[in-house]
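Subject: A structure for you to look at

Hi,

Here is the structure I promised to pass on, together with its sequence. Please open it and keep it beside you while you read my notes below.

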Amino acid sequence: MEINASSLIRHPRSRVYQAYRDELDQIIAYIPNVQAVNVLSRTEAPGRVSLHNEWIGRSEIPKVAQGLLKPEMLRWDDYAEWDEARQEVQWNLKLRVFTDRVRCSGTNRFMEEGPSLTRVHLSGTLDIDLKELPGVPRFLSSSLAPQVEKFIVALIKPNLEQVNEAIGRYLDGKPV
């Protein structure tokens, strides 16, 4: 399943890029369905930053997925490769559940739309394989997978849009 989101942030591209990469732990105060973002590792090289962040979400799990997902499972690992020259990040998310059955990756591009206007465009994919998963009847696996994908995309996409909105509000309160 494809994931696409695009938002405008009324701040310069370099500042939005930097806040997105380096200040998420402060920005989560502006995001209602994220409890925390923890930096687990950070490696820097000229023009590049590699990050491993742990995200802890807050969300109601729909009844159809309650047998498969528990609230404590709403954590994911975000592996990101930030490219300063291209002003983009390649990311790969690993859920804490079904790690061998869920693949989610993509790119965020930070594009200058004006002197103090940045478009953040995300494009990615989410694929879930529930075949032969213990506890999921074989005849339901093909119909349940799209529902679980929709649920996860429904978590991810608003988070991405909320992160962009939160960065804007966060930067509104910061000196340039």
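Arg48 and Asp83 form a salt bridge, and their closest N and O atoms are 3.2 Å apart. Do look at where the two partners sit: Arg48 belongs to strand 3 (residues 48-57) and Asp83 to strand 4, so this pair links distant parts of the chain, 35 residues apart. Arg48 is partly exposed, with a relative accessible area of 36%, whereas Asp83 counts as buried at 16%. Please remember throughout that this is a predicted model.

Why might such residues pair up at all? Side chains of opposite charge can do so when their charged atoms come close.

How many salt bridges are there by the rule used here? The count comes to 11. Another one of them joins Glu84 to Arg21, with the closest N and O atoms 3.0 Å apart. This pair also links distant parts of the chain: Glu84 is in the loop between strand 4 (75-83) and strand 5, while Arg21 is in helix 1 (residues 13-22), 63 residues apart. Is Arg21 buried or exposed? Arg21 is buried, because its relative accessible area of 14% falls under the 20% limit. Its partner Glu84 is partly exposed, at 37%.

A further salt bridge runs between Arg86 and Glu88, where the closest N and O atoms are 3.5 Å apart. Arg86 is exposed, with a relative accessible area of 54%, but Glu88 is buried at 6%. If you enjoy following connections, try this one: salt bridges that share partners join Arg21, Asp22, Arg42, Glu44 and Glu84 into one network.

Glu88 deserves a second visit. This residue lies in strand 5, and its side chain makes a polar contact with the side chain of Gln90 (3.2 Å). The Glu88 side chain makes a polar contact with the side chain of Arg109 too, at 3.5 Å. Which residues does Glu88 touch once its neighbours within four places in sequence are left aside? They are Tyr17, Glu81, Trp82, Asp83, Thr107, Asn108, Arg109 and Phe110. You have already met Asp83 as the salt-bridge partner of Arg48.

Finally, move along to Leu95, which is in strand 5 (residues 88-95). Leu95 is buried, with a relative accessible area of 16%. The C-alpha atoms of Leu95 and Glu54 are separated by 9.9 Å, and these two residues are 41 apart along the chain.

Happy exploring!

Note on methods. Residues are numbered from 1 along each chain as its sequence is written. This is a predicted model: local features need pLDDT of at least 70, side-chain atom pairs count only at pLDDT 80 or more; totals for chains, interfaces and linings use all residues. Side-chain values use heavy atoms; hydrogens and water are left out. Helices (H or I, at least four residues) and strands (E, at least two) are DSSP runs, numbered from the N terminus. Buried means under 20% relative accessible area, exposed over 50%, partly exposed in between (1.4 Å probe, protein chains only). A polar contact is a pair of N or O atoms within 3.5 Å; within protein, one must be able to donate a hydrogen and the other to accept it, and residues adjacent in sequence count only if both atoms are side-chain atoms. Contact means heavy atoms within 4.5 Å. A salt bridge is a side-chain nitrogen of Lys or Arg within 4 Å of a carboxyl oxygen of Asp or Glu.
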